[in-house]
Amino acid sequence: MGLDFDSFVLAAPTADLSEEPAAREHADAIEFRMDLAEEPLEALETYDDGGGELPILATNRAEWEGGEWRGDDERRLEVLAEATAFDAVRAIDIELEAIPEGDAEDVLETARERDVAVVASAHDFEGTPARGEMVSTLTEASKYADVAKMAVTAASKKDTLALLSATEQLTAHGDTVATMAMGDVGSHTRAVAPVYGSKIGYAPVDPAQATAPGQYDLETLSKLVARLHE
């Protein structure tokens, strides 16, 4: 059964699944960064056999999208598809750019067959696109996935407002989205975006292990989101 994104999901990103027990108090899921792990499939097998409790959102991020998978892209997607066979893997994240060209067709089909949810993601590490462009990108991602995710880099409060406005618009339209602004200027959106409808947040157990600029630690983000939802 796929991960349920009807309500907000706080994911703890890590390349080391042995950190999962430390995340249980505050996280709803683990984002397993397969591209940062040495033997990701073996780690998933150990997690399944060892009684890991939190569901996993598996990400095998391409280097061209800010990740560290440096091998063949076809093999990268094959490994991600193989991850869907593990009971703990309830969702996968795949780059939107890989989908329309057909490269990810087999991964998407495998995920659907195994009832694993799909997050289609887009990242902008240079800036924040115009509001209309963000809406278009997220709308496109929604065609292929259960959740459309977009992470941008904010240089001003105007950028963060544009992101939150796009989030609210798409949520009101009935789309399931996850949005955040990276960097110091946009860090507050990680706590505020769920108020506007964003369904996924990311925060490491150890702030020193952040996988994106501007991430809060897990306990802090958990408390901020809960407080804003009261």
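Let's start with leucine 80, which has its place in helix α3. This is a predicted model, so please keep that in mind as we walk through it together. Leucine 80 is buried, with a relative accessible area of 0%. What does leucine 80 touch, not counting residues up to four places away in sequence? The list is Met34, Ala58, Asn60, Ile92, Asp93, Ile94 and Val107. If you'd like a distance to check on screen, the C-alpha atoms of leucine 80 and alanine 62 are separated by 11 Å, and these two are 18 residues apart along the chain.

Some of those names come back when we turn to the nonpolar cores. The largest one has 57 residues, and the members that touch the most others are Met34, Leu44, Ile56, Ile92 and Ile94. Which helix gives this core its largest share? That is helix α3, residues 73-83, with five residues. Let me pick out methionine 34 for a closer look. Leaving aside neighbours within four places in sequence, methionine 34 is in contact with Pro40, Leu41, Leu44, Ala58, Thr59, Asn60, Val79, Leu80 and Ala83. So you can see our leucine 80 turning up there, as one of the contacts of methionine 34. There is also a second, separate core of 16 residues, which includes Phe5, Ala117, Val147 and Met180.

Now for the charged side chains. The structure holds 13 salt bridges, and I'll show you three of them. In one, the side chains of arginine 61 and aspartate 93 meet at 2.9 Å, N to O. Why does this pair tie together parts that are 32 residues apart in sequence? Because arginine 61 lies in the loop between β3 (56-59) and α3, while aspartate 93 lies in strand β4, residues 89-95. Are the two partners buried or exposed? Both arginine 61 and aspartate 93 are buried. For arginine 61 the relative accessibility is 4%, and anything under 20% counts as buried.

Arginine 61 deserves another minute. Besides the salt bridge, a polar contact of 3.4 Å joins the side chains of arginine 61 and serine 121. Not counting residues up to four places away in sequence, arginine 61 touches Arg33, Asp35, Gly66, Gly67, Glu68, Trp69, Arg76, Asp93, Glu95, Ser121, His123 and Lys149. And arginine 61 belongs to a network of salt bridges that links Arg61, Asp73, Arg76, Asp93, Glu95 and Lys149.

Two members of that network bring us back to helix α3. Aspartate 73 forms a salt bridge with arginine 76, and their closest N and O atoms are 2.7 Å apart. Aspartate 73 and arginine 76 are three residues apart in helix α3, so about one helical turn separates them. Their surroundings are worth a look too: aspartate 73 counts as partly exposed at 25% relative accessibility, whereas arginine 76 is buried at 0%.

The third example joins glutamate 140 and lysine 143, whose side chains meet at 3.2 Å, N to O. Glutamate 140 is partly exposed, with a relative accessible area of 25%, and lysine 143 is exposed, at 61%.

While we are in this stretch of the chain, have a look at alanine 141, which is found in helix α5, residues 131-142. Alanine 141 is buried, with a relative accessible area of 2%. Its contacts, leaving aside neighbours within four places in sequence, are Leu96, Ala120 and Ala148. The C-alpha atom of alanine 141 is separated by 9.3 Å from that of glutamate 97, and the two residues are 44 apart along the chain.

Last stop, helix α8. This helix covers residues 218-229, so 12 residues, and reaches 17 Å from its first C-alpha to its last, close to the 16 Å expected at 1.5 Å a residue. Which residues of α8 are buried? They are Leu218, Leu221, Ser222 and Val225. These residues cover an arc of only 105 degrees around the axis, which puts them on the same side of α8. What do they pack against? The partners are β1 (9-14), α1 (20-23), α7 (189-192) and β8 (200-202). And at the start of α8, a side-chain oxygen of aspartate 217 reaches to within 3.2 Å of the backbone nitrogen of glutamate 219.

That's my tour, thanks for listening!

Technical notes: Residues numbered from 1 in each chain as written. Predicted model: local features only at pLDDT ≥ 70, side-chain atom pairs only at ≥ 80, totals over all residues. Heavy atoms only, no water. Helix = DSSP H or I, 4+ residues; strand = E, 2+ residues; numbered from the N terminus. Buried < 20%, exposed > 50% of the residue type's maximum accessible area, 1.4 Å probe, protein only. Arc of directions from axis to C-beta. Contact = heavy atoms within 4.5 Å. Polar contact = N/O pair within 3.5 Å; in protein donor to acceptor, adjacent residues only side chain to side chain. Core = buried A, V, L, I, M, F, W, Y, C linked by side-chain atoms within 4.5 Å. Salt bridge = Lys/Arg side-chain N within 4 Å of Asp/Glu carboxyl O.
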